[in-house]
Structures are given as C-alpha cells and as structure tokens.
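Grab the viewer and a pencil: here are a few exercises to work through. Try each task yourself before reading its solution.

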Amino acid sequence: MTTRRALIAGGLALPALSARAQDRPVQLLVGFSPGGNIDLAARMAAPFLEKYLGGTSMIVVNRAGAGGMIMLNEVAAAAPDGRVAALVSFPALVTALYDGTPRYRVDSFAYVGLLTDEPYTVFVGPDAPYRTFGALIEAARARAEEITIAGAGVGSAPHLALMQIERAAGVRFTWVPTPGAGQAMQLVQGGHVAGSVSTVSLTVRAHNQGALRVLALLERERWDKAADLPTATEQGVPVVAGSARGIALPAAAPAPLLRRWEEAVRRTTADPEFRALAERDFVVVRHMDRATMTDFVQRQAETYAEIWRTNPWRR
C-alpha cells in the first residue's frame with residue numbers, strides 16, 4: 001500500500017480504466033479533413049505518442065467542419081479517461097468561439113503540450129499569372145473582391161492571416177472556405193481559385209517540386225530551410241502569421257493522466273526519429289510543456305478577443 005501511494009503521489013500511476021476502456025484505442029481527433037497540414041502533423045506524431053503512452057493503440061480520427069469546432073465540441077464532452085484527445089491548432093481553437101454555436105470554452109480543455117509552430121505561406125497554382133506576391137496584391141487592388149483565396153473555414157487561422165494581409169496592403173480578396181487545407185490546395189492546383197494560405201509543411205515541398213508557387217512567407221525573416229522564399233514583410237506587407245499545434249484532453253482528466261500525456265508529448269518532440277521526419281516534411285517542431293502551453297492559449301484568447309471586438313470576421 002505504501003508503494004502504491006508513493007507512486008500515485010509521484011504521478012507515476014494512472015487512474016484505473018475500465019476493462020471496456022482499456023480495449024478501445026486512443027482516438028486522436030483532428031478538426032479538419034484528411035490530407036491537410038494538421039491531419040498530416042497528427043499522423044506523423046501519433047506513432048510516437050502511442051509509443052510514449054506505453055504502447056496503447058492510437059488512431060487518428062477526422063471530424064472536419066466549422067473551422068474545427070465540431071471536433072472541439074466532441075472532445076469537450078468526452079469522458080476524461082484519456083481515450084479521446086485532440087490535436088488542437090491555434091488560433092483556430094479560440095477563433096471558433098466566435099461562431100456563436102460552440103459548446104466549449106477555452107477552459108473546457110487541459111492543454112498537455114505543444115508539438116509544432118509553423119509560419120504560413122501565400123501560394124498560387126503553377127500556371128497562375130502571379131509571379132510575385134506584389135503582383136497578387138496589385139491584382140487584388142485593381143479588382144477588389146474578384147481574386148479568390150481558399151482555405152479552411154471562415155474565421156480559421158488562414159482566413160485571419162488573409163485578413164491581416166488585406167488590412168496591411170489596403171486590398172480586398174474573396175475568401176473561399178473549404179473543409180481543410182488539402183481541399184484548398186486541390187482548388188488552387190486545379191485553377192479554380194487564385195491561391196491559398198497554408199503552412200510551410202504543406203507547401204514548401206510542393207513548391208520545390210513545381211506543383212505550386214509560394215509567393216510569400218508570413219514570417220519575420222526568411223526561413224533557412226527555404227531561403228529562396230521571400231517574406232511578405234520584405235515585399236512591403238508586414239504580416240506575420242502561422243499555426244501552432246498541440247495536444248488537448250477534456251478538462252476533467254485527472255492530474256496523473258495529464259502528466260503522462262505531458263511526458264509523452266515532451267518525449268515525442270525530443271525523439272530523433274520524430275525530428276528527422278519533421279525535418280524531411282518541413283514541419284517546425286516547437287515544444288511547450290503543460291504550463292507554458294496553457295499560458296500560450298490564454299494569450300491567444302485575449303489577442304483574438306480584441307481583434308473580434310475591433311474587426312469581427314463573421315458578418
């Protein structure tokens with residue numbers, strides 16, 4: 001009994017799961033469709049999380065729609081037994097709150113660790129007439145709201161990044177919402193829309209292969225892994241935007257379980273094989289522990305609440 005109490009106090013033991021729960025795989029939920037950058041990040045991380053959670057079977061489940069809100073509603077209402085977790089993305093988690101129909105709040109989740117944080121790119125199809133970011137901006141200035149840009153959902157992080165570009169450049173595009181980044185890329189490559197906004201992990205490889213053309217990196221300075229890509233800032237549009245992703249569980253999950261997940265995230269981001277895969281796929285690894293991620297989420301909530309008050313993106 002003494003040994004068991006010591007283990008529990010040290011956070012090394014987990015609350016007992018029912019036999020039925022133990023038979024079920026852990027579901028890692030993604031709020032967007034297969035093939036997008038968030039889905040790809042989840043599928044890259046899942047085998048490592050599975051390993052560091054003790055070999056518990058894990059499957060990635062897509063719950064696309066409403067800018068991730070459908071998935072977030074489901075996770076907020078899930079049993080806090082560790083069998084349902086989410087790869088959450090920011091600022092999508094906080095911006096979806098302004099849809100008017102969410103059944104979750106920022107404090108509906110326990111944030112156990114950040115995995116990645118990537119800058120966005122603005123890109124067009126390989127046959128698009130826009131050779132530079134400046135040319136795209138000038139087209140939007142000449143033909144207000146005629147240039148179409150696709151991306152995941154209204155109020156999503158890519159949509160808000162485009163809104164920042166519009167404000168900084170004094171232009172207006174037309175946003176075409178899609179279930180996920182994968183569908184947006186298909187529209188771009190098929191010539192159905194002019195361009196899109198998505199992360200470096202989804203676009204840089206395709207750019208290098210000639211499958212699309214990245215016009216701008218939404219970062220403060222050029223990225224050493226793609227040094228040929230100019231930033232929007234150096235092209236006269238000072239916008240920095242990206243997508244951070246981490247793991248969240250229902251808020252009521254017990255502390256020992258949260259510690260186990262926190263450690264699994266930490267070990268995943270430190271794993272040389274995971275980091276090699278990230279390097280290969282142009283994914284930017286950035287770890288935050290539970291306390292740091294929780295503070296990060298709160299700052300995100302405050303930032304986008306202020307943006308909503310001054311310039312609401314849903315009308």
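**Exercise 1: a salt bridge within a loop**

Glu234 counts as partly exposed, at 43% relative accessibility (buried means under 20% relative accessible area, exposed over 50%, partly exposed in between, with a 1.4 Å probe and protein chains only). Before going on, note that this is a predicted model, where local features need pLDDT of at least 70, side-chain atom pairs count only at pLDDT 80 or more, and totals for chains, interfaces and linings use all residues. Residues are numbered from 1 along each chain as its sequence is written, and side-chain values use heavy atoms, leaving out hydrogens and water.

Task: find which side chain meets Glu234 in a salt bridge, and place both residues.

Solution, step by step:
- Start with the partner: Arg222 meets Glu234 at 2.7 Å, N to O. A salt bridge here is a side-chain nitrogen of Lys or Arg within 4 Å of a carboxyl oxygen of Asp or Glu.
- Now place them: Glu234 and Arg222 both sit in the loop between strand E8 (213-218) and strand E9 (242-250), twelve residues apart. Helices (H or I, at least four residues) and strands (E, at least two) are DSSP runs, numbered from the N terminus.
- Check the partner's surroundings: Arg222 is partly exposed too, with a relative accessible area of 41%.
- Then look at Thr231, in the loop between E8 and E9. Thr231 is buried, at 2%, and beyond its neighbours within four places in sequence it touches Arg222, among others including Ala216 and Leu217. Contact means heavy atoms within 4.5 Å.

**Exercise 2: more charged pairs**

Task: work out how many salt bridges the whole structure has, and go through some of them.

Solution, step by step:
- The total is 19.
- Asp224 pairs with Lys225, with 3.9 Å between the closest N and O atoms. Asp224 is exposed at 63%, while Lys225 is partly exposed at 34%.
- Arg290 pairs with Glu262 at 3.5 Å between the closest N and O atoms. This pair links distant parts of the chain, 28 residues apart: Arg290 is in helix H12 (residues 290-310) and Glu262 in helix H10 (residues 255-270). Arg290 is partly exposed, at 23%.
- Finally, Glu145, Glu166 and Arg172 are joined in a salt-bridge network.

**Exercise 3: two helices**

Task: decide how helix H3 (residues 37-52) and helix H11 (residues 272-280) pack.

Solution, step by step:
- Their angle is about 175 degrees, with the axes 10 Å apart. Axes are lines fitted to C-alpha atoms, for helices over the stretch in contact, and angles run from 0 to 180 degrees between N-to-C directions.
- That makes H3 roughly antiparallel to H11 (an angle over 145 degrees).
- On the H3 side you'll find Met44, Ala45 and Phe48, facing Glu273, Phe274, Leu277 and Ala278 of H11.

**Exercise 4: the cores**

Task: find which element gives the most residues to the largest nonpolar core.

Solution, step by step:
- A nonpolar core is a set of buried Ala, Val, Leu, Ile, Met, Phe, Trp, Tyr and Cys residues joined through side-chain atoms within 4.5 Å. The largest has 35 residues, and Leu28, Leu49 and Trp261 are among those touching the most other members.
- Elements giving two or more residues include strand E1 (26-30), E9, H10 and H11.
- H3 gives the most, with nine.
- A second, separate core has 30 residues, including Met69 and Met288.

Conventions: Angles under 35 degrees count as roughly parallel, over 145 as roughly antiparallel, 65 to 115 as roughly perpendicular and the rest as oblique.
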